[in-house]
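Hello,

Here is the structure I promised to pass on. Please open it first, then read my notes below alongside it.

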Amino acid sequence: MRLAPAMISIAAGLALSCAPAAPDGSTESSQTEAQRVLATEDAYVAAEINRDEAALRRLVDDRFTRNSSNGTTADKEALIQSLLGMHMTGQTITERTVLVDGNLAVTFGTAEIRVQAPGEDESAVVLRYTTTYVKRETEWRMLALHMSPRSPR
(Lines give C-alpha, C1' and ligand atoms only; values in the text may rest on other atoms or scores of the structure.)
Protein backbone atom coordinates (compact mmCIF):
# COMPACT_ATOMS: atom_id res chain seq x y z
CA MET A 1 0.00 0.00 0.00
CA ARG A 2 1.32 3.45 -0.90
CA LEU A 3 0.65 6.17 1.69
CA ALA A 4 -1.25 9.18 0.40
CA PRO A 5 0.44 12.53 1.14
CA ALA A 6 -2.41 13.57 3.45
CA MET A 7 -2.06 10.35 5.43
CA ILE A 8 1.69 10.85 5.69
CA SER A 9 1.35 14.36 7.05
CA ILE A 10 -1.39 13.37 9.49
CA ALA A 11 0.47 10.34 10.76
CA ALA A 12 3.51 12.28 11.67
CA GLY A 13 1.66 14.33 14.23
CA LEU A 14 2.37 12.02 16.27
CA ALA A 15 5.66 10.64 15.89
CA LEU A 16 7.07 10.46 19.29
CA SER A 17 7.93 7.81 21.78
CA CYS A 18 11.12 7.63 23.78
CA ALA A 19 13.91 10.03 23.00
CA PRO A 20 15.43 12.25 25.66
CA ALA A 21 14.73 15.94 25.96
CA ALA A 22 17.80 18.02 25.16
CA PRO A 23 17.54 21.29 27.07
CA ASP A 24 21.27 22.09 27.21
CA GLY A 25 21.99 24.34 30.14
CA SER A 26 18.28 24.61 31.04
CA THR A 27 17.05 25.27 34.54
CA GLU A 28 15.43 22.50 36.56
CA SER A 29 12.00 24.07 35.97
CA SER A 30 12.57 24.18 32.23
CA GLN A 31 13.66 20.53 32.26
CA THR A 32 10.48 19.60 34.12
CA GLU A 33 8.37 21.46 31.56
CA ALA A 34 10.27 19.78 28.73
CA GLN A 35 9.46 16.40 30.26
CA ARG A 36 5.78 17.41 30.50
CA VAL A 37 5.76 18.44 26.83
CA LEU A 38 7.27 15.11 25.81
CA ALA A 39 4.76 13.26 27.99
CA THR A 40 1.97 15.13 26.20
CA GLU A 41 3.50 14.20 22.87
CA ASP A 42 3.72 10.54 23.94
CA ALA A 43 0.06 10.60 25.01
CA TYR A 44 -0.86 12.07 21.63
CA VAL A 45 0.98 9.28 19.80
CA ALA A 46 -0.79 6.64 21.88
CA ALA A 47 -4.15 8.29 21.15
CA GLU A 48 -3.30 8.42 17.46
CA ILE A 49 -2.36 4.74 17.25
CA ASN A 50 -5.39 3.68 19.32
CA ARG A 51 -7.72 6.07 17.48
CA ASP A 52 -8.82 7.48 20.84
CA GLU A 53 -11.04 10.38 19.80
CA ALA A 54 -11.60 11.71 23.33
CA ALA A 55 -7.86 11.88 24.02
CA LEU A 56 -7.17 13.49 20.63
CA ARG A 57 -9.77 16.18 21.33
CA ARG A 58 -8.22 16.84 24.75
CA LEU A 59 -4.60 16.97 23.52
CA VAL A 60 -5.08 19.06 20.34
CA ASP A 61 -5.74 22.76 20.85
CA ASP A 62 -8.92 24.24 19.34
CA ARG A 63 -6.75 26.69 17.33
CA PHE A 64 -4.62 23.86 15.86
CA THR A 65 -3.23 24.12 12.31
CA ARG A 66 -1.30 21.50 10.35
CA ASN A 67 0.90 22.54 7.45
CA SER A 68 1.74 19.74 5.03
CA SER A 69 4.74 19.53 2.74
CA ASN A 70 2.33 19.62 -0.24
CA GLY A 71 1.14 23.11 0.77
CA THR A 72 -2.22 22.17 2.28
CA THR A 73 -3.42 23.02 5.78
CA ALA A 74 -5.88 21.36 8.13
CA ASP A 75 -7.61 22.32 11.36
CA LYS A 76 -8.27 20.25 14.50
CA GLU A 77 -11.42 18.59 13.20
CA ALA A 78 -9.85 17.60 9.88
CA LEU A 79 -6.83 16.14 11.70
CA ILE A 80 -8.96 14.10 14.09
CA GLN A 81 -11.26 12.76 11.37
CA SER A 82 -8.27 11.74 9.26
CA LEU A 83 -6.61 9.97 12.19
CA LEU A 84 -9.79 8.10 13.07
CA GLY A 85 -9.87 6.73 9.51
CA MET A 86 -6.26 5.52 9.54
CA HIS A 87 -4.98 2.09 10.46
CA MET A 88 -1.70 3.01 12.12
CA THR A 89 0.16 0.01 13.52
CA GLY A 90 3.03 1.85 15.19
CA GLN A 91 5.66 4.55 15.26
CA THR A 92 9.39 4.55 15.95
CA ILE A 93 11.16 7.74 16.97
CA THR A 94 14.87 7.98 16.28
CA GLU A 95 15.46 11.64 17.21
CA ARG A 96 13.60 14.08 19.41
CA THR A 97 14.44 17.45 20.89
CA VAL A 98 12.29 19.94 22.77
CA LEU A 99 12.72 23.66 23.35
CA VAL A 100 10.56 25.38 25.98
CA ASP A 101 10.09 29.14 26.25
CA GLY A 102 7.42 30.15 28.73
CA ASN A 103 4.02 28.90 27.60
CA LEU A 104 5.29 27.75 24.19
CA ALA A 105 7.30 24.66 23.34
CA VAL A 106 8.60 23.26 20.07
CA THR A 107 9.56 19.63 19.45
CA PHE A 108 11.66 18.39 16.53
CA GLY A 109 12.08 14.77 15.56
CA THR A 110 12.12 11.94 13.08
CA ALA A 111 9.42 9.30 13.03
CA GLU A 112 8.84 6.10 11.14
CA ILE A 113 5.07 5.71 10.81
CA ARG A 114 3.65 2.27 10.02
CA VAL A 115 0.13 1.70 8.65
CA GLN A 116 -1.76 -1.33 7.42
CA ALA A 117 -5.16 -1.04 5.79
CA PRO A 118 -7.39 -4.12 5.99
CA GLY A 119 -6.30 -6.69 3.40
CA GLU A 120 -3.10 -4.79 2.54
CA ASP A 121 0.57 -5.18 3.44
CA GLU A 122 2.01 -2.93 6.13
CA SER A 123 3.85 0.11 4.78
CA ALA A 124 6.04 2.73 6.40
CA VAL A 125 7.23 6.27 5.82
CA VAL A 126 9.96 8.26 7.58
CA LEU A 127 9.15 11.89 8.35
CA ARG A 128 10.79 14.91 9.95
CA TYR A 129 8.37 16.90 12.07
CA THR A 130 8.13 20.12 14.03
CA THR A 131 5.31 20.44 16.57
CA THR A 132 4.42 23.56 18.52
CA TYR A 133 2.71 23.25 21.89
CA VAL A 134 0.96 25.92 23.95
CA LYS A 135 0.39 25.70 27.69
CA ARG A 136 -3.27 26.42 28.48
CA GLU A 137 -3.75 26.79 32.24
CA THR A 138 -1.63 23.84 33.43
CA GLU A 139 -1.82 21.53 30.40
CA TRP A 140 0.20 21.43 27.17
CA ARG A 141 -1.81 21.27 23.91
CA MET A 142 -0.67 20.68 20.34
CA LEU A 143 -1.05 24.01 18.53
CA ALA A 144 0.71 23.46 15.20
CA LEU A 145 2.37 20.67 13.24
CA HIS A 146 4.53 20.54 10.14
CA MET A 147 5.87 17.34 8.55
CA SER A 148 8.03 16.52 5.57
CA PRO A 149 9.20 13.21 4.14
CA ARG A 150 12.76 12.54 5.16
CA SER A 151 15.19 12.08 2.28
CA PRO A 152 17.33 8.93 2.33
CA ARG A 153 20.80 9.60 3.63
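**Arg 128 and its surroundings**

I start with one side chain. A polar atom in the side chain of Arg 128 lies 3.3 Å from the backbone oxygen of Gly 109. Please keep in mind that this is a predicted model.

Arg 128 belongs to strand S5. Its relative accessible area is 33%. That value falls between the 20% and 50% limits, so Arg 128 counts as partly exposed. Leaving out neighbours within four places in sequence, its contacts include Glu 95, Phe 108, Gly 109 and Thr 110. His 146, Met 147, Ser 148 and Arg 150 are also on that list. Take Ser 148 as one case: 20 residues separate it from Arg 128 along the chain, yet the two C-alpha atoms are 5.4 Å apart.

**The sheet**

In what order do the 6 strands of the open sheet run? The order is S2-S1-S6-S5-S4-S3, and the pairing is mixed. S2 (73-75) and S3 are the edge strands, each with a pairing partner on one side only. On average, neighbouring strands are turned by 20 degrees against each other, direction ignored.

Two pairings deserve a look:

- S4 and S5 are antiparallel and share 12 bridges. Phe 108 stands opposite Thr 130 of S5.
- S3 and S4 are also antiparallel, over 12 bridges. Here Met 88 stands opposite Val 115 of S4.

S3 and S4 make a hairpin, with 2 residues between the strands. Gly 102 sits in that turn and has a positive phi of about 65 degrees.

One helix to view against the sheet is H4. It lies across S1 and S2, and runs at about 75 degrees to S1.

**The core**

How many residues does the largest nonpolar core have? It has 29. Tyr 44 and Ile 113 have the most contacts inside this core. Three helices and five strands are best listed by name: H2, H3, S1 (60-68), H4 (76-84), S3 (88-101), S4 (104-115), S5 and S6 each give two or more residues to this core. H2 gives the most, with 5 residues.

**Glu 33 in H2**

H2 spans residues 28-50, and Glu 33 lies in it. Is Glu 33 buried or exposed? Its relative accessible area is 16%. Buried means under 20%, so Glu 33 is buried. Its side chain makes a polar contact of 2.8 Å with the side chain of Trp 140. Setting aside residues up to four places away in sequence, Glu 33 touches Val 100, Lys 135 and Trp 140.

**Two positive phi values outside glycine**

Which loop holds Arg 51? Arg 51 is in the loop between H2 and H3 (53-59). Its phi is positive, about 55 degrees, although Arg 51 is not a glycine. With a relative accessible area of 34%, Arg 51 is partly exposed.

Glu 137 also has a positive phi, about 60 degrees, without being a glycine. It is found in the loop between S5 (123-136) and S6 (139-149). Its relative accessible area is 80%. The limit for exposed is over 50%, so Glu 137 is exposed.

**The chain as a whole**

The protein chain has 4 helices and 6 strands. From the N terminus, the elements run α-α-α-β-β-α-β-β-β-β. Of the 153 residues, 42% are buried. The accessible surface is about 7,700 Å², and carbon and sulfur atoms hold 49% of it. Now take the contacts between residues at least 6 apart in sequence: 61% of them join residues at least 24 apart.

**Where to look first**

I would begin with Arg 128 and the backbone oxygen of Gly 109. Next comes the contact between the side chains of Glu 33 and Trp 140. Then turn to the loops that hold Arg 51 and Glu 137.

Best wishes

Methods
Residues are numbered from 1 along each chain as its sequence is written. This is a predicted model: local features need pLDDT of at least 70, side-chain atom pairs count only at pLDDT 80 or more; totals for chains, interfaces and linings use all residues. Side-chain values use heavy atoms; hydrogens and water are left out. Buried means under 20% relative accessible area, exposed over 50%, partly exposed in between (1.4 Å probe, protein chains only). A polar contact is a pair of N or O atoms within 3.5 Å; within protein, one must be able to donate a hydrogen and the other to accept it, and residues adjacent in sequence count only if both atoms are side-chain atoms. Contact means heavy atoms within 4.5 Å. A nonpolar core is a set of buried Ala, Val, Leu, Ile, Met, Phe, Trp, Tyr and Cys residues joined through side-chain atoms within 4.5 Å. Two strands pair if DSSP finds at least two bridges between them. Axes are lines fitted to C-alpha atoms, for helices over the stretch in contact, and angles run from 0 to 180 degrees between N-to-C directions. Accessible areas come from the Shrake-Rupley method with a 1.4 Å probe; for residues, only the protein chains shown count as cover.
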